[in-house]
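Here is a friendly walk through one model, from a strand core to charged pairs and a DNA strand. Have your viewer ready as you read.

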Protein chains: 2
Amino acid sequence: MNVLIVEDDPLHRSYLNEAVRLALPECDQVLEAEDGSMGERLAREHRLERIVMDLQMSPRNGIEAARTIWRERPETRILFWSNYADEANVRGISRIVPDGAAYGYVLKSASDERLRLALRSIFIEAQCVIDREVRGMQQRSLGRLQGFTETEYEVLVDIALGLTDRVIAKRRNLSLRSVQNRLQQIYEKLGVYDRADAGAEARYNFRSRAVTEAFLRKLLNQTTLERAEQDLQEWLRRHARLLDDPKG
Amino acid sequence: MNVLIVEDDPLHRSYLNEAVRLALPECDQVLEAEDGSMGERLAREHRLERIVMDLQMSPRNGIEAARTIWRERPETRILFWSNYADEANVRGISRIVPDGAAYGYVLKSASDERLRLALRSIFIEAQCVIDREVRGMQQRSLGRLQGFTETEYEVLVDIALGLTDRVIAKRRNLSLRSVQNRLQQIYEKLGVYDRADAGAEARYNFRSRAVTEAFLRKLLNQTTLERAEQDLQEWLRRHARLLDDPKG
DNA sequence: CTCTGTCCTGCGGGAAACCGCATCTGATCT
DNA sequence: AGATCAGATGCGGTTTCCCGCAGGACAGAG
C-alpha cells in the first residue's frame, strides 16, 4: 500500500510523512510531491489511490489536481488538508468529488489524533471524514440558512467576472429583471446596504463593493474565478451571436 | 538579549525557534506568540526589541501588530517572514516602517542560510535585509514601470470599497472627470480591456472586474481593505456634509 | 523659447446599473 | 380548496458609469 503526499511546504510535508507512517504501519511507501502538477504525474505513473493533498499551492493547486486525478481514476481516495474552511473551497470540492468516492477534509489546526483517525478512516475503511468546522460551513452553505442559493452564487461569480446584467441574463437564462433581483438579494446578504443608512446620503456602488465583500468573506477565491473564467470564455465562443442581438 | 516569534503555525514556530537559537547563540530567551494580539502584548510587557513576525495570521495579522508595536517603540527590529511577496503586503509594510528602523522581509521559501544571515544582520547589525524577490517587486511597484501611481492605487482601493466616482472625487480632492480618467488607466493596466475586443460586442462591467483582477494579482488583500474601510468611515464622519451637497 | 508629454478639468451623450410597483407561476401547509 | 410565500418577469424612472473630444497647467528636453 502506497500513499502520496502533495504539499508545497517542506515542514508540513515532513510532518505529514511522519503522521502517515505512524498512522498506517501497513503502508509500504510514502511518496511526496511539491505541487499539483507533480502530484498528478506521480499519481498517474504509480497508480496511487491514496493521496493527502494540500489545497493552497502554486502553480497548480489542490482542487485542480484532484479534479484531473479523479477524472482519470474516480476511486482514488483523497484527504484534503488545508488551513482554512472557506466557502469557495468547500463548494469547489463538493463539485468535483465523484459519486461514492471516499474523501476527507481536515484542517491543519486539527490535533495529531484527529489526523490519524482521518487517515485510517479514509485510506483503510473508505469512509468520508469531514472536520466539524468544515461540515458546519457545508450546512450553512448548502442549507441556505444564511448562505446563498445556487443561482445567487452563480450570479455572484458572474459579477465578479465583470459581466453585465444583460449578459448574465443570457447566460443563466433569466430575464434582466430577475438578475437584478438576485443582485439585490446578494447585496442584502452581503450587508452592503448597512452603511448606506448610516453615512448621510452617501450612495455606494454596490456591485464592486459586493465583490470585495465576497472576497473578504472567502466566498470567492482564485481557483473558483479562474475556473469560472474558463467556463465563461467557452460559453462566449459558443453563444457569441446571442450577444449581438441588440434588443436582448 | 531576547527574541519574540509571532507565528500561528506550530510547525513553523518551532522551526523558527530552532533557527533563532542556532543563528543567535548570544540570545538568552526565545518567546513565542500565536497571533498578532498576543505578540503585541508580549512585546509590550517584556519590552522586546527583536521580533520575527509572520504576516498572514488571524485574528490579528502581522502588519497590524507591527503597526502598533512600532508606534509604541519605533526602534523595534522586526523580521517579516511570509509565504508570498504580494504588492499589498509590500506596500503595507513600507507605509508603517518608522524612519531609520531596522527591519527585514524574508520569504518562507528561503534557505536556512538566508534566514540565518537575515537574523544576524537585522538583530545584531541593525541592517535592513530584504529578499531579492521582494525587492524586485518593490522596484516595480514604486518605480511605476508597470505598477501603479500612488493616486491610482488610492482610487483602486476606493472602488474596491464600493465608493462612487463622485465620492472618490470629493475624498481625493479631484474632479469627477479626473477620477474617471484614473479609472480608465487602472482598467488598462489591469488588462480588463483585452477581452472586450475578442468576444464580439460583449461589453463588460469594468469596475467590478477590476476589483477581482486586483485581488487575483494580490494588489489588494484583507488587511489593506479593512484599514482603508476604517479610514473611510472616519472621513465620512468628518465630511458628511460635503456629500449632501447635490451639485457636487 | 518652443515642443512634447503628463496630469487635471469640463461637456455631452449613450449605456448600464439601481430600484419601486405590479403581475404571474408554482410549491407547500392547513 | 384557500392561504401563503418564494421566485420570475415586465414597466418606468433616476442615478451612475464609461468614454470621446477638447482645452488648460506645468515640467523637462532640445
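In which sense do β4(B) and strand β5 (residues 103-107) of chain B pair, and over how many bridges? They run parallel, joined by 5 bridges; two strands count as paired if DSSP finds at least two bridges between them. Helices (H or I, at least four residues) and strands (E, at least two) are DSSP runs, numbered from the N terminus.

Before going further, please note that this is a predicted model, in which local features need pLDDT of at least 70, side-chain atom pairs count only at pLDDT 80 or more, and totals for chains, interfaces and linings use all residues. Residues are numbered from 1 along each chain as its sequence is written, chains are lettered from A and ligands numbered from 1 in the order in which they are written, and side-chain values use heavy atoms, with hydrogens and water left out.

**Strands of chain B**

Within the pairing of β4(B) with β5(B), B:W81 sits opposite B:V106. The chain gets from β4(B) to β5(B) by way of helix α4 (residues 87-96) of chain B, a right-handed β-α-β crossover. Right-handed here says that, with the strands pointing away from the viewer, the path from the first strand over the helix to the second runs clockwise. β4(B) also pairs with β3(B), again in parallel and through 5 bridges, with B:I51 facing B:I78. A right-handed β-α-β unit is likewise made by β3(B), α3(B) and β4(B). Strand β4 (residues 77-82) of chain B has 5 of its 6 residues buried, so the rest of the structure largely encloses it. Buried means under 20% relative accessible area, exposed over 50%, and partly exposed in between (1.4 Å probe, protein chains only).

**Salt bridges**

Side chains of opposite charge can pair when their charged atoms come close. Over all chains, the search finds 41 salt bridges, each a side-chain nitrogen of Lys or Arg within 4 Å of a carboxyl oxygen of Asp or Glu. Three of them are listed here with their closest N to O distance.

| Pair | N to O distance |
|---|---|
| A:E7 and A:K108 | 3.2 Å |
| B:R60 and B:E40 | 2.3 Å |
| B:E72 and B:R44 | 3.0 Å |

A:E7 lies in the loop between β1 (2-6) and α1 (10-23) of chain A, and A:K108 in the loop between β5 (103-107) and α5 (112-123), so this pair ties together parts 101 residues apart in sequence. Both A:E7 and A:K108 are buried. In chain B, B:E40 counts as buried at 11% relative accessibility, whereas B:R60 is partly exposed at 24%. B:E72 and B:R44 are partly exposed too, at 42% and 41%. Chain A also holds a salt-bridge network that links A:E40, A:R60, A:E64 and A:R227.

**Around DNA strand D**

DNA strand D is surrounded by 19 residues, where near means a heavy atom within 4 Å. By class they are 4 nonpolar, 8 polar and 7 charged. The largest share, 5 residues, comes from α9(A). Of the strand's atoms within 4 Å of the protein, 63% belong to sugar or phosphate and the rest to bases.

Among the polar contacts (N or O pairs within 3.5 Å), a polar backbone atom of A:S175 is 2.6 Å from a phosphate oxygen. A polar side-chain atom of A:S178 lies 2.5 Å from a phosphate oxygen, while one of A:R177 lies 3.2 Å from a base nitrogen.

Conventions: Polar contact = N/O pair within 3.5 Å; in protein donor to acceptor, adjacent residues only side chain to side chain. Nonpolar A, V, L, I, M, F, W, Y, C, P; charged D, E, K, R; others polar.
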